[in-house]
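Q: Please take a close look at the charged side chains here. Set them in the context of the fold, and cover any unusual backbone spots along the way.

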Number of protein chains: 2
Amino acid sequence: MIKTGVSVFSYDNIRAVEWEESRLKLVDQRVLPSRIKNLFFDEVGDVANAISDMVVRGAPAIGITAAYGVVLAARDRFNSDGVNWKKTIGKDLDLLKASRPTAVNLAWAVDKLAQIIAGLDPANDPEPALLEVATQIHADDIAANHKMGQLGAGLIAPASGVLTHCNTGALATGGYGTALGVIRAGYASGAITDVYADETRPWLQGARLTAWELVQENIPVTLIADGAAAFLMKQGKVQWVIVGSDRIAANGDVANKIGTYSAAVAARHHGVKFMVVAPASTVDMACASGADIPIETRGQEELLVCGDQCVAPDGANAWNPVFDVTPAELVDAIVTERGVVENPTAEKMAEMMAN
Amino acid sequence: MIKTGVSVFSYDNIRAVEWEESRLKLVDQRVLPSRIKNLFFDEVGDVANAISDMVVRGAPAIGITAAYGVVLAARDRFNSDGVNWKKTIGKDLDLLKASRPTAVNLAWAVDKLAQIIAGLDPANDPEPALLEVATQIHADDIAANHKMGQLGAGLIAPASGVLTHCNTGALATGGYGTALGVIRAGYASGAITDVYADETRPWLQGARLTAWELVQENIPVTLIADGAAAFLMKQGKVQWVIVGSDRIAANGDVANKIGTYSAAVAARHHGVKFMVVAPASTVDMACASGADIPIETRGQEELLVCGDQCVAPDGANAWNPVFDVTPAELVDAIVTERGVVENPTAEKMAEMMAN
């Protein structure tokens with residue numbers, strides 16, 4: 001069943017975050033799949049809003065976007081005050097870091113650029129040096145995704161069915177994707193023959209983004225309601241659930257899109273394996289366990305309104321935590337570009353991160 | 001915490017199926033909660049379409065609707081051919097029975113009316129006799145719901161939180177509801193203080209119908225995405241999951257709205273109790289187990305389109321089973337008007353049905 005003549009890096013034709021003509025370009029993910037609309041950014045405030053408003057989403061993509069946002073901030077601050085810009089830019093860095101709370105990659109990228117800034121001579125234009133680092137973060141992310149694709153696909157027996165949740169593809173990263181990168185690589189190698197995607201309420205990232213990406217790449221995909229995942233597993237249709245992560249604690253607990261924990265519980269009940277795929281920058285060794293990860297709660301309207309239609313009556317409340325925590329004991333494998341950790345524990349995670 | 005001075009039958013102010021001025025009146029559940037629109041039916045073909053198209057849904061409500069549909073069919077057949085009407089009506093009964101496959105109450109009600117028809121003198125107008133039986137089925141359903149409300153609420157410790165799935169209320173029954181009847185009774189008695197409702201994709205019965213009913217009755221309700229149920233349980237917010245059923249097999253396996261099985265798996269994982277509430281007419285002793293229950297698959301567009309908006313790209317497939325089967329071993333209690341069966345088995349189910 002293993003295909004030959006297909007590179008593991010086939011199916012890599014989508015980029016959602018790009019630096020183009022000295023500006024940041026983002027594909028507006030709020031209007032996919034009905035429209036492909038590019039937005040261009042010159043100002044860090046607009047970049048922070050784009051992150052909060054989910055023009056761009058997905059932990060790695062947010063980190064890369066924020067890195068380019070720091071480049072834009074430095075350009076503005078240096079041009080308006082060539083003496084004190086290293087002080088005034090602090091506000092911009094804080095703004096970026098506050099734009100979404102759960103993904104650790106965002107703070108990781110901003111802190112990395114802040115370190116570079118600290119070492120710069122304030123008299124010189126900071127843009128070239130910062131752009132080089134931001135571009136490197138972006139390139140490293142794509143390379144990490146390719147690596148994780150190979151590592152993750154290597155865990156999957158030929159001709160398997162897999163289920164994924166949310167969107168963890170090119171749209172959620174610098175390119176290629178984390179969990180969806182493993183699915184791309186596994187489909188290329190023949191390890192994966194059937195891809196199911198949870199539609200992922202309330203934001204429908206599975207329907208709107210994952211299905212769109214896979215259709216673009218000519219990888220067949222079958223959407224299901226989130227509530228149908230357990231019934232799908234019961235029928236033996238999937239051997240792996242493969243998801244991304246917004247933050248992984250030092251003990252291997254995994255924060256990811258709401259619904260991930262439900263899929264993990266159902267997977268364990270059915271003997272289906274559960275794989276988490278995320279770059280090492282997602283691992284937050286300062287978080288001892290999932291209990292320490294801040295979980296973003298977004299507006300009730302994401303549940304009360306669907307499209308332009310009010311789907312719930314006035315007077316109904318909604319609880320809209322947009323992430324949940326899957327404990328390490330429900331995770332069969334964590335895949336980063338540094339390697340695979342099976343049955344994660346604090347010891348194994350520390351060992352992998354020390355590599 | 002137990003309230004006094006509140007009848008267990010408070011919160012009973014909604015009827016969605018009624019016989020009014022010699023016609024069947026249905027509240028069109030497709031346009032709730034944004035509009036309350038009544039539709040009137042004189043012809044059995046329109047009634048069958050109303051069931052297929054989900055103007056009316058919910059296993060008991062479908063059964064009652066079909067019973068009134070038989071009354072309309074008999075009136076027409078008798079008026080157009082006073083001699084052979086008992087033969088020609090067979091087509092109408094088949095049409096009604098075929099309008100939705102999973103709910104057994106539909107066939108149960110039609111068969112009950114067919115038995116009455118078999119005993120009628122064909123020379124007499126059948127409408128009064130059949131209307132009497134249909135009205136009795138309707139009244140019996142409401143009485144059964146009141147009884148189940150008391151029995152089910154009696155299982156719940158004071159000040160509990162509960163989660164329900166889909167809509168099992170007045171809109172899904174002759175009135176008051178099955179699982180939602182237990183919630184009404186439990187809220188009235190103080191057994192239940194917090195009600196959470198899964199939004200229930202793809203048709204959003206939880207958001208559109210359950211939340212609407214509870215808001216009408218001034219019972220506070222919090223909607224969640226279906227995928228958030230496990231995370232809610234993890235936080236200790238609910239002590240019971242309470243659902244209805246479209247068909248219960250002789251061994252206690254339960255067919256119900258897609259997503260029910262996922263909630264049952266999560267409930268067991270967290271030590272949350274799982275209660276199924278349905279009239280005895282839902283129990284199909286001819287089905288040995290859940291494997292024998294036909295599961296309706298509806299159109300892909302229910303997942304690919306949300307409201308008027310296309311949420312998935314052209315080229316994506318969807319799998320849309322609208323029911324699933326929860327095995328008896330995940331069920332803590334089945335409540336019918338004949339009594340409560342804890343930890344259901346074929347023996348216990350047979351004993352309850354023999355009562």
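A: Of the 355 residues of chain A, 63% count as buried. This is a predicted model. Chain A has a radius of gyration of 20 Å, which agrees with the value near 20 Å that a compact globule of 355 residues would have. Along the principal axes, its C-alpha atoms fill a box of roughly 65 × 55 × 40 Å. The secondary structure of chain A comes to 11 helices and 17 strands.

Now the charges. Over all chains, the whole structure holds 31 salt bridges. One of them pairs A:Arg75 with A:Glu127, and their closest N and O atoms are 2.9 Å apart. A:Arg75 sits in helix α2 (residues 59–80) of chain A and A:Glu127 in helix α5 (residues 127–153), so this pair ties together parts that are 52 residues apart in sequence. A:Arg75 is buried, at 16% relative accessible area. A:Glu127 is buried too, at 15%.

Chain B offers two further pairs. B:Arg15 bridges to B:Asp12, with 2.9 Å between the closest N and O atoms. Is each partner buried or partly exposed? B:Arg15 counts as partly exposed, at 28% relative accessibility. B:Asp12 counts as buried, because its 17% falls under the 20% cut-off. The second pair is B:Glu302 with B:Arg298, at 2.9 Å from N to O. Both B:Glu302 and B:Arg298 are buried. In chain A, salt bridges with shared partners link A:Arg100, A:Glu296, A:Arg298 and A:Glu302 into one network.

Other charges gather at the surface. A:Asp42, A:Glu43, A:Asp46 and A:Asp76 form a negative surface patch. Take A:Asp42 from that patch. A:Asp42 lies in the chain A loop between β3 (38–41) and α1 (44–52). A:Asp42 is partly exposed, with a relative accessible area of 39%. That value qualifies A:Asp42 for a patch, because patch residues need over 30% relative accessible area and no salt bridge.

Chain B also has an exposed positive charge. B:Lys87 belongs to helix α3 (residues 85–97) of chain B. At 71% relative accessibility, B:Lys87 counts as exposed. Its C-alpha atom is separated by 9.3 Å from that of B:Arg77, and the two residues are 10 apart along the chain.

Next, the backbone. Most residues other than glycine have a negative phi, and most peptide bonds are trans. In chain A, a cis peptide bond joins A:Leu32 and A:Pro33, with omega about 0°. A:Pro33 is in the loop between β2 (23–27) and β3. In chain B, the bond from B:Arg201 to B:Pro202 is cis, with omega near 5°. B:Pro202 lies in the loop between β5 (192–198) and α7 (205–216) of chain B.

Two residues of chain B show a positive phi. B:Met54 has phi near 65°. B:Met54 lies in the loop between α1 (44–52) and α2 (59–80) of chain B. B:Met54 is buried, with a relative accessible area of 2%. B:Asn218 has phi near 60°. B:Asn218 is found in the loop between α7 and β6 (222–224). Unlike the buried B:Met54, B:Asn218 counts as exposed, at 63% relative accessibility.

Conventions: Residues are numbered from 1 along each chain as its sequence is written. Chains are lettered from A and ligands numbered from 1 in the order in which they are written. This is a predicted model: local features need pLDDT of at least 70, side-chain atom pairs count only at pLDDT 80 or more; totals for chains, interfaces and linings use all residues. Side-chain values use heavy atoms; hydrogens and water are left out. Patches are made of residues with over 30% relative accessible area and no salt bridge: like charges are joined within 9 Å, nonpolar side chains (Val, Leu, Ile, Met, Phe, Trp, Tyr) within 5 Å. Accessible areas come from the Shrake-Rupley method with a 1.4 Å probe; for residues, only the protein chains shown count as cover. A salt bridge is a side-chain nitrogen of Lys or Arg within 4 Å of a carboxyl oxygen of Asp or Glu. Lys and Arg count as positive and Asp and Glu as negative; His and the chain ends are not counted. The place of a charge is taken as NZ of Lys, CZ of Arg, CG of Asp or CD of Glu. Helices (H or I, at least four residues) and strands (E, at least two) are DSSP runs, numbered from the N terminus. Buried means under 20% relative accessible area, exposed over 50%, partly exposed in between (1.4 Å probe, protein chains only). The radius of gyration is taken over C-alpha atoms; the globule rule is 2.2 Å times the number of residues to the power 0.38.
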